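Let's walk through this structure together, one part at a time. Keep the view open beside the text so that you can follow along.

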Amino acid sequence: MINETSNLWRLIDPQSPVIEVRAISEGRSRSMLFPLRDYATKKSRQEEVEKVAQRLNEGGMNIYVVMNTIREDFCSGSVKDADIEHRDWLLIDIDRAEPAKCPATDEEIVAAEDLADQVAEFMTRKGWSEPLRIMSGNGCHLYYRLNALENDDQSKVLLKTLISGLGDKFDNNVVKIDRSVFNASRITKVVGTKAFKGRSTKDRPYREARLVSC
Amino acid sequence: MLNRDTKINTLSLLRATIAELTPVQLSTGLVAANDATVTSHYSESEFPKLKTALDRISPDTGRGLGSVNLTQIIPTDYWLGVIWACASTGSDEVKALAKEWSQRSSRYTEDGFESAWKQYNPFHSTPVGLGSVYKLADRLQYDPSNAVYLSDMANSKRFAEKFRGKLLGVKHTNKWLYFDPSKGWVQADHLAAVGLAKTVVEDMANEATRNLLDNPDSRINKDMLNEVKRASKKPNLEAMIQLSLSEEGLSQESLISAANAAAKAVPLAHCLPNKVDEVQLVQVSNG
């Protein structure tokens with residue numbers, strides 16, 4: 001059986017010079033850096049990242065990773081926009097329309113997937129290749145490849161406008177596209193880890209983020 | 001494994017997608033069509049070049065539609081085109097530079113500048129870019145030393161020179177006093193001042209035409225003729241009048257003080273404006 005966390009490498013380039021994993025819980029945030037140079041092989045780093053992510057998640061923390069390529073010389077703290085070498089991904093993050101402090105219902109997840117279908121169809125029609133698709137635990141993520149787009153003001157404006165435009169076009173009363181995920185140092189949920197949000201109930205259970213398609 | 005060999009132009013794809021999401025509202029620029037790539041490649045090292053270019057372009061031009069029309073011999077109405085070209089860089093440093101450049105015009109307003117900057121649409125199918133600014137600077141060959149010669153400020157000085165001793169404005173009002181040879185000092189409304197400003201532009205047109213006939217290839221003579229066209233527009237006539245109020249001897253703080261100053265003035269009858277019948281007159285003092 002394939003470890004779901006290993007699907008993280010569909011999103012993160014195993015050759016990436018530095019990987020930041022961030023664990024967040026109740027306002028506490030902890031950043032961990034995994035520079036490739038510190039490992040004998042890229043495989044050993046991958047195993048370490050997966051192990052740390054799983055362990056912290058089992059301890060009740062939400063686990064994220066910086067989705068764009070970090071500069072090789074970055075060595076401490078949490079990654080900021082200026083620390084990003086280039087952009088690898090356009091993230092379309094679909095979540096509940098109303099602010100919520102609890103896990104989503106199955107119906108809300110389905111609504112997010114329906115909206116993701118609409119967005120994906122639109123993007124494909126415009127010439128984008130198939131996205132990486134992830135069920136984030138409480139919604140849906142679509143990741144479109146940006147082919148090492150320069151991390152500059154122009155790309156920031158373009159992505160911000162595109163995401164806002166998609167939101168204006170596709171949002172509905174139940175689910176919406178998060179307008180705030182255009183920043184270069186965006187962190188995103190690690191697949192194979194549970195999304196802890198509020199209290200888990202039968203109708204609103206904690207769910208593990210998982211890869212849907214790639 | 002990610003496919004990093006994809007040969008798509010990501011920027012073009014982004015623009016095309018956004019263009020469908022945010023309908024294009026801007027008119028197509030004449031130069032902008034060839035300029036799309038310039039907007040994608042601004043770097044901070046380009047800043048000095050841009051600064052030099054802006055120093056050679058007068059901000060005293062029409063607002064325009066957001067393009068730079070280089071099909072004109074002397075391009076006009078390019079202000080918004082220049083602002084949007086600067087906005088295309090997405091740089092705060094360039095924004096400050098564009099603002100400083102715009103402030104050299106008497107028509108500058110903070111709100112007007114900010115509004116124009118925000119209106120820039122980077123997803124226009126043919127966005128205007130810095131290339132247009134550089135071409136415009138080359139075309140205009142604008143000499144900063146001419147700034148006082150071809151500008152609203154210069155025209156206000158011309159206005160003041162022509163009517164000093166014969167005209168007095170009351171600050172913060174639209175009231176004026178001028179000397180009517182048959183009635184003495186009389187009160188006039190703002191339209192009268194506009195009529196006088198027109199005579200300044202007519203003088204400039206005559207001068208420019210004469211100079212151009214003498215020297216058809218002279219850049220400054222062409223610029224002068226261009227300035228006549230610019231100055232003849234209503235906002236520039238208004239700017240000429242308003243700026244003249246700060247010229248020595250052209251204004252007073254109140255109607256009373258203006259009347260007192262007029263009483264002491266010695267107007268030269270032969271220099272008076274010749275369209276007295278167009279002016280609404282109310283006699284306030286015979287001096």
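**A tour of the two chains**

In chain B, 37% of the 287 residues are buried. Please keep in mind that this is a predicted model. The secondary structure of chain B consists of 12 helices and five strands. Take the contacts in chain B with a separation of 6 or more: 76% of them are between residues 24 or more positions apart.

Chain A can be introduced in the same way. Its secondary structure has four helices and 12 strands, and buried residues account for 42% of its 214 residues. Among the chain A contacts that link residues at least 6 apart in sequence, 69% join residues at least 24 apart.

Let's stay with chain B and look at a pair of its helices. Helix H3 (residues 47-55) of chain B packs with helix H5 (residues 92-102) of chain B; the angle is about 10 degrees and the axes are 11 Å apart. H3(B) and H5(B) are therefore roughly parallel to each other, since angles under 35 degrees count as such. On the H3(B) side, the contact is made by B:Phe47, B:Leu50, B:Lys51 and B:Leu54, while H5(B) brings B:Glu93, B:Val94, B:Leu97 and B:Trp101. Sorted by character, the residues of this contact of H3(B) with H5(B) are six nonpolar, no polar and two charged.

H5(B) deserves a second look on its own. Which residues of H5(B) are buried? They are B:Val94, B:Ala98, B:Trp101 and B:Ser102. These residues span an arc of only 95 degrees around the axis, so they sit on the same side of H5(B). What do the buried residues of H5(B) pack against? Their partners are H3, helix H4 (79-87) and helix H6 (110-118) of chain B. On the face of H5(B) turned away from its buried side you will find the exposed residues B:Asp92, B:Glu93 and B:Ala96. B:Glu93 thus appears in two places: it belongs to the contact with H3(B), and it is one of the exposed residues on the face away from the buried side of H5(B).

Now turn to chain A and its sheet. Strands of a sheet pair through backbone hydrogen bonds, either parallel or antiparallel. Here four strands of chain A form an open sheet in the order E2-E1-E3-E9, and the pairing is antiparallel. Strand E2 (28-35) and strand E9 (187-189) of chain A are the edge strands, each pairing on one side only. From one strand to the next, the twist averages 30 degrees. Helix H2 (residues 42-58) of chain A packs on this sheet, where it touches E1, E2 and E3 of chain A, and its direction makes about 5 degrees with that of E1(A).

E3(A) is a good strand to trace residue by residue. Strand E1 (residues 18-25) of chain A and strand E3 (residues 62-66) of chain A pair in the antiparallel sense over four bridges; for example, A:Val21 has A:Val65 in E3(A) as its bridge partner. E3(A) also pairs with E9(A), again in the antiparallel sense, over three bridges. There, the bridge partner of A:Val66 in E9(A) is A:Ile187. Is E3(A) mostly covered or mostly open? Mostly covered, with five of its five residues buried. That holds for both faces: A:Asn62, A:Tyr64 and A:Val66 are buried on one side, and A:Ile63 and A:Val65 on the other.

For a closer view of a single residue, find A:Ala120 in helix H3 (residues 106-125) of chain A. With 19 other C-beta atoms within 10 Å, A:Ala120 is partly exposed, because a buried residue needs 20 or more. Leaving aside residues up to four places away in sequence, A:Ala120 touches A:Pro131 and A:Leu142. The C-alpha atoms of A:Ala120 and A:Glu130 are separated by 7.7 Å, and these residues are 10 apart along the chain.

Finally, let's see where the two chains meet. Here 18 residues of chain A are in contact with 18 residues of chain B. On the side of chain A that touches chain B, strand E7 (140-150) and helix H4 (153-170) of chain A each supply at least two residues. H4(A) gives the largest share, nine residues. By character, the residues on this side of chain A are seven nonpolar, six polar and five charged.

Conventions
Residues are numbered from 1 along each chain as its sequence is written. Chains are lettered from A and ligands numbered from 1 in the order in which they are written. This is a predicted model: local features need pLDDT of at least 70, side-chain atom pairs count only at pLDDT 80 or more; totals for chains, interfaces and linings use all residues. Two residues are in contact if their C-beta atoms, placed from the backbone, lie within 7 Å. Ala, Val, Leu, Ile, Met, Phe, Trp, Tyr, Cys and Pro count as nonpolar, Asp, Glu, Lys and Arg as charged, and the others, Gly among them, as polar. Two strands pair if DSSP finds at least two bridges between them. Axes are lines fitted to C-alpha atoms, for helices over the stretch in contact, and angles run from 0 to 180 degrees between N-to-C directions. A residue is buried if 20 or more other C-beta atoms lie within 10 Å of its own, exposed if 12 or fewer, and partly exposed in between; C-beta atoms are placed from the backbone. Angles under 35 degrees count as roughly parallel, over 145 as roughly antiparallel, 65 to 115 as roughly perpendicular and the rest as oblique. The arc is that of the directions from the helix axis to the C-beta atoms.
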